[in-house]
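Trainee: I should like to learn how to read surface patches, helix packing and salt bridges in a model. May we take them in turn?

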Amino acid sequence: MAAAPADDYAEITHSVREDSVVVHSVKAGGGEQVEGPELPRLARNDWPKIRQVAEELKHLASFTRRHQPLGVLGRTKSAGTQALMGLKFISKTNSSAAWAGVEERFDELTSTTNGLLPRSLFYRCIGMGWNSEEFAVQLFDALARRRNILGYSITKVQLKEFWDQISDQNFDSRLQTFFDMVDKDADGRITEDEVKEIISSSASANKLWNIQMQADEYARLIMEELDPDECGYIMVENLEMLLLQDLSQSIGWFDESQNLSKMPSKKFKLIQGHVLKRWYRDFKNFLLDNWQRFWVMALWIGVMAALFAYKYVQLKNKAVFGVMGHCVCMAKGAAETLKLNMALILLPVCRNTITWLRSKTRLGEAVPFDDNLNFHKVIAMAISVGFGIHGISHLACIFPRLFNASPEKYKPMESFFGDQPKSYWHFLKGWEGITWIVMVVLMAIAFTLASSLFRRIRVNLPKLLNKLTGFIAFWYSHHLFIIVYTLLIVHGFKLYLTQDWYKKTTWMYLVVPITFYVGERLIRMYRSSIIAMKILKAAIYPGAVLILHLSKPEGFKYKSGQYIFLNCPAVSPFEWHPFHITSAPMDDYISVHIRISGDWTKQLKVVFSEIVD
C-alpha cells in the first residue's frame with residue numbers, strides 16, 4: 001500500500017468470513033466511493049492487519065462509552081442489532097406451498113373477478129392464515145409500490161413476480177423486501193412508528209405474541225441505536241449496515257418461530273440496578289415467552305395436587321389408616337393421579353383433533369398445541385413417578401404393616417384381605433398383584449425403548465440386541481399400551497379396599513380419552529385407502545436422500561403441502577410412515593423425498609439400493 005498524507009482517511013465496510021474478508025464499499029476522505037471490480041477480496045494472510053485495526057477500534061469505542069450517564073442499558077450485543085433479530089422473520093413465507101398451489105388458489109379466488117386477484121385476498125392466495133391478513137396487505141403494498149403497480153388488484157403474471165421475490169431465500173432479496181415494507185414513502189427515511197408497525201404486524205403473522213407485545217420496545221431500541229441525535233428518523237442505509245454487521249451470528253429468516261419467541265428474554269442485561277430488579281425482569285420475560293406452557297402446566301399440576309390431597313384426606317379418616325398409616329394415603333393419592341395421567345396421555349397424540357382445534361378455533365392462541373408431544377413425554381414421566389410411589393408404598397410399607405399387625409389390630413382388615421397374610425406371595429398371586437407386575441414390566445419396556453438413547457440408536461448394544469434400538473422397536477413397544485390399558489381396567493375393578501362398583505373410578509377416567517383415541521384411529525382408517533403403488537423411479541442422492549416416484553392412483557387428488565403414509569412390506573408389514581408429497585397436484589405421478597435418518601429409512605434405502613444397483 002502506498003503512503004498517503006496524514007490527513008487522508010478511508011471508510012471501509014467489510015465482513016469477515018471463514019476463509020476470506022469481503023469488502024462491500026470503500027469511501028475516500030473526500031466522499032468518493034469505490035465500487036465494482038476494484039473492491040478486493042482479502043485472503044487469509046491479510047487477516048492480522050484487519051483484526052488489529054478492528055481490535056483498536058473496539059478498544060477506542062469501549063473507552064468512549066465508559067463515561068455514559070447512569071441508567072443506560074448495556075447489552076451483550078448492539079441494542080439495535082438484537083432488536084433487529086426480531087425483525088428478520090418478517091419476510092418469512094410458507095415455503096412449503098409451491099407455486100403450483102399458489103396458482104391453483106389464484107384460479108379459485110379469481111373465478112369471478114376476471115382473472116384479477118384483489119388485495120384483500122392476497123394472504124389467502126399465498127397460503128397465509130386469517131391472522132396474517134394485515135401483514136399480507138403491507139407486503140402486497142410494498143411489492144406493488146416497487147413495481148409501480150396502481151390499484152388494488154394484480155394479474156397472475158404480476159402474482160408470479162411477487163411470489164418469486166417473497167419465496168427467494170437469497171439474503172439480499174429478503175433484505176430488499178423488508179426495506180420496501182418499512183420505507184412506505186420511498187424517501188429513504190424510516191420513522192419509529194414505521195418500524196413499530198412492521199414489527200407488530202409481522203409478529204402477529206408468525207404468531208409470536210411476545211414480540212408483538214414488545215414492538216414498542218424493539219422500535220425504541222433501534223431508534224436509540226441509530227438516531228442518537230433524536231432527529232425522529234433513521235436512514236435505510238444505517239439500518240442495513242446494522243442488520244449486516246451481525247449477520248454471521250444472527251438467526252436465519254427461516255428458523256423456527258419457537259427460537260424467535262425466546263429472544264425477548266435474552267435481549268437486555270442491566271449494568272446497574274439492584275439484583276432483584278434483574279431477577280424480576282428475567283422472570284417477567286420468561287413468563288411472557290412461555291405463558292401458554294406455564295398456565296397449562298400450572299393447571300395440570302394443580303389438578304394432580306387436588307386429587308392427591310382429596311384421596312389422602314379421605315383415607316386418613318377411614319379405619320384402614322389405623323393399621324396402614326400414611327402409607328395407604330400416599331399409595332391411594334398416587335393412584336388417583338395415575339388414573340388422571342393415564343387418561344390424559346392419550347389426548348396429545350390425537351392428531352386430527354389437535355389439528356382441528358389449532359386451525360379452526362381460537363384455542364391456538366392460548367394453548368400450545370405444537371407442544372403436544374412434549375406434553376405427552378412430561379405426562380409419561382409423571383406416570384413413572386406415580387407408579388413408583390404407588391408400588392413402593394405397598395411393598396415397603398403397607399404389606400409389612402399388615403404382616404406385623406397384632407390379631408386385634410388386623411381384625412377390621414379381614415373384610416378386605418381375608419386371613420392375615422404372612423408373606424408377599426399372598427398379594428402377588430391375586431389379580432391385583434399379577435396385573436400390577438405385568439403393567440410395570442410392559443411400561444418399563446415401552447418407556448425405555450422410547451428414550452432418545454434407544455429410539456435414535458445412541459447406545460451401543462451387542463449385535464444380538466441391536467433390534468431393541470431404533471424407531472421400529474419404539475413403534476412396536478408403544479403398542480403394548482393396548483395390553484396395559486386392559487390390565488389397568490381389570491386392576492381397577494379388583495381393588496382391595498373398594499367394594500362398591502360405582503366407587504371404582506378407573507374406567508370413568510379412561511372412557512372419554514379412549515373413545516377419542518379409538519375415534520381418531522377409525523377416522524384415519526375411513527379417510528385413508530390402502531392402494532398398492534408402482535415404483536416408477538428411485539434415486540439416491542448425495543446427502544442421504546432417497547427420492548421415489550410412485551404411480552398416481554386414478555382419481556387421487558391432493559393439495560400442496562399434504563402428506564401420505566407409506567408402508568414397505570419388505571421392511572415392516574405393519575409400519576406406516578408419513579411423508580410430504582413433493583410433486584405438483586397436476587403431475588401424473590407422486591413423488592416423495594425421504595431423508596435417511598432412522599432404522600426404518602435406512603432399511604428402506606438398503607431395499608432400493610439393490611434395485612438401483
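Mentor: Let us begin with one residue of this predicted model. Phe493 has a relative accessible area of 37% and is therefore partly exposed, and this residue lies in helix α24, residues 481–493.

Trainee: Which residues form the nonpolar patch on the surface?

Mentor: The patch consists of Leu347, Phe493, Trp501, Tyr502, Trp507, Met508, Val511, Val512 and Phe516, with about 870 Å² of accessible area together. Helix α25, residues 506–527, supplies the largest share, 5 residues.

Trainee: At what angle do α24 and α25 pack?

Mentor: Their angle is about 155°, and the axes lie 10 Å apart. Angles over 145 degrees count as roughly antiparallel, so α24 is roughly antiparallel to α25. The crossing of the two helices is left-handed.

Trainee: How should salt bridges be read, and how many does the structure hold?

Mentor: Side chains of opposite charge can pair when their charged atoms come close. The structure holds 10 salt bridges. One of them joins Asp141 to Arg119, with the closest N and O atoms 2.8 Å apart. Asp141 belongs to helix α5 and Arg119 to the loop between β5 and α4, so the pair ties together parts that are 22 residues apart in sequence.

Trainee: Where do the partners Arg358 and Asp370 lie?

Mentor: Their closest N and O atoms are 2.7 Å apart. Arg358 sits in helix α16 and Asp370 in the loop between α16 and α17, so this bridge ties together parts 12 residues apart in sequence. Arg358 is partly exposed at 29% relative accessible area, whereas Asp370, at 52%, counts as exposed.

Key. Residues are numbered from 1 along each chain as its sequence is written. This is a predicted model: local features need pLDDT of at least 70, side-chain atom pairs count only at pLDDT 80 or more; totals for chains, interfaces and linings use all residues. Side-chain values use heavy atoms; hydrogens and water are left out. Patches are made of residues with over 30% relative accessible area and no salt bridge: like charges are joined within 9 Å, nonpolar side chains (Val, Leu, Ile, Met, Phe, Trp, Tyr) within 5 Å. Accessible areas come from the Shrake-Rupley method with a 1.4 Å probe; for residues, only the protein chains shown count as cover. A salt bridge is a side-chain nitrogen of Lys or Arg within 4 Å of a carboxyl oxygen of Asp or Glu. Helices (H or I, at least four residues) and strands (E, at least two) are DSSP runs, numbered from the N terminus. Buried means under 20% relative accessible area, exposed over 50%, partly exposed in between (1.4 Å probe, protein chains only). Axes are lines fitted to C-alpha atoms, for helices over the stretch in contact, and angles run from 0 to 180 degrees between N-to-C directions. Angles under 35 degrees count as roughly parallel, over 145 as roughly antiparallel, 65 to 115 as roughly perpendicular and the rest as oblique. A crossing is left-handed if the near helix is turned anticlockwise from the far one by less than a right angle, and right-handed if clockwise.
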